[in-house]
Amino acid sequence: MTVDAVTDVRGLRVGHATRIGDGWLTGATVVLASEQGAVAAVDVRGGGPGTKETDALDPRNLVQKVDAIVLTGGSAYGLDSASGVMAWLEERGRGVRVGPEPRHVVPVVPAACVFDLGRGGDFGARPDAALGRAAVEAAAASEPGAPVAEGCVGAGTGAVVGALKGGVGTASTLLDSGVTVGVLVVCNAVGSAVDPGTGALYGELSQGLLDCPPREVCEAARRRLAALGDTRAARPSLNTTLAVVATDADLTKAQAQKLAGVAHDGLARAVRPAHLLNDGDTVFALATGARPLDATSPLALNEVLAAGADLVTRAIVRAVRAAESVDGPGGTWPSYEELYDDRRTPGAGDRPGSAVD
């Protein structure tokens, strides 16, 4: 049974830690590998990234596998959440062995952040090591193959995309070769996910889905957004979309880096413009190695690459559709569903795999 989430890649689990209220609107998300770890790579296209341990993922460098990837709010301050994940892994003897005893390890925990400072009202309310630990504990406590919470949860809690609320989205597919590919995104972009002329999501248009909202709905949405525009003039447009593209294929670090790079195409289809100087768009790739690629075909990787990009687009659509409106001391961001669609998403109490304060 699959759940159309990154956790369909066997061995991967996802945990969110979320803080909302009293000035908070932020969180952290952890993608946790099995004890065997996963080959990892990264591709950074945004002009203002905030990252940790990404140099270790260069194919030319020593580290071959990692135990976890951290996605966090709080801009560069939020990268401290990775320290909590490192401590949790160290306690379990997981990491790069650097000494004679099992406890002599250094966990390599790559991380990337989105800008959400002040969106809950308090500029100083941002993820720390304790929140990172809560997220990895939530991941470890989840069942294999469990559904993944989407929308305003974890690192997507304070996310926005253009003038609308952003969030977390996920998707997966099983290829004809038997390889599984899954994606988790945090959509928090300077650019827009919505075609201003039709009200349709760019990601859906790129998939040939042309069921646009009625004209009167689009006109009402434009009036609402115009009324909110003046209140946002003084706020910085500092964002970032993050993604983890995972597969059970047996990839080298170089192949995983190619997967991360091609996955950015999926971002560019769903958000326009993307990869600006004030974005920090970053894609990680994880390969668990359970399924070898066809050794007789030098182009066997292509179907994995194409699937990764397509899934990033679909996961961004799901993130935007799952997001819920925010109206608080840090600002007002309506959701796409509120402005353009009669459908509504579940409340926070229905979100699986999440620790909430």
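Contact here means heavy atoms within 4.5 Å, and helices (H or I, at least four residues) and strands (E, at least two) are DSSP runs, numbered from the N terminus. The model is predicted, so local features need pLDDT of at least 70 and side-chain atom pairs count only at pLDDT 80 or more, while totals for chains, interfaces and linings use all residues. Residues are numbered from 1 along each chain as its sequence is written, and side-chain values use heavy atoms, with hydrogens and water left out.

A good place to begin is helix α1, residues 81-91, whose buried residues (under 20% relative accessible area, with a 1.4 Å probe and protein chains only) are Ser 81, Ala 82, Gly 84, Val 85, Trp 88 and Leu 89. Seen down the axis of α1, these residues fall within an arc of 155°, so they line one face of the helix; the arc is that of the directions from the helix axis to the C-beta atoms. An α-helix has 3.6 residues a turn, so residues three or four places apart point the same way. The buried residues of α1 pack against β2 (24-32), β4 (51-52), β6 (68-72), β9 (111-113) and α2. Just after α1, Gly 93 takes a positive phi of about 70°.

The packing of α1 with α2 can be described further. Their axes, which are lines fitted to C-alpha atoms over the stretch in contact, with angles running from 0 to 180 degrees between N-to-C directions, lie 6 Å apart at an angle of about 50°. That makes α1 oblique to α2, since angles under 35 degrees count as roughly parallel, over 145 as roughly antiparallel, 65 to 115 as roughly perpendicular and the rest as oblique. Among the residues making the contact are Trp 88 and Glu 91 of α1 and Arg 133 and Val 136 of α2. Helix α2 spans residues 129-141 and holds Ala 138, which is buried, with a relative accessible area of 16%.

Further along the chain, the axes of helix α5 (residues 253-270) and helix α6 (residues 301-322) come within 7 Å and cross at roughly 40°. The contact includes Leu 259, Val 262 and Leu 267 of α5, and Leu 305, Val 312 and Ile 316 of α6.

Leu 267 also appears in the surroundings of Thr 241, a residue of the loop between α4 (215-229) and β14 (242-249). Thr 241 is buried, with a relative accessible area of 4%, and, leaving aside its neighbours within four places in sequence, is in contact with Val 186, Cys 187, Asn 188, Ala 189, Leu 267, Asp 281 and Thr 282.

Conventions. Buried means under 20% relative accessible area, exposed over 50%, partly exposed in between (1.4 Å probe, protein chains only).
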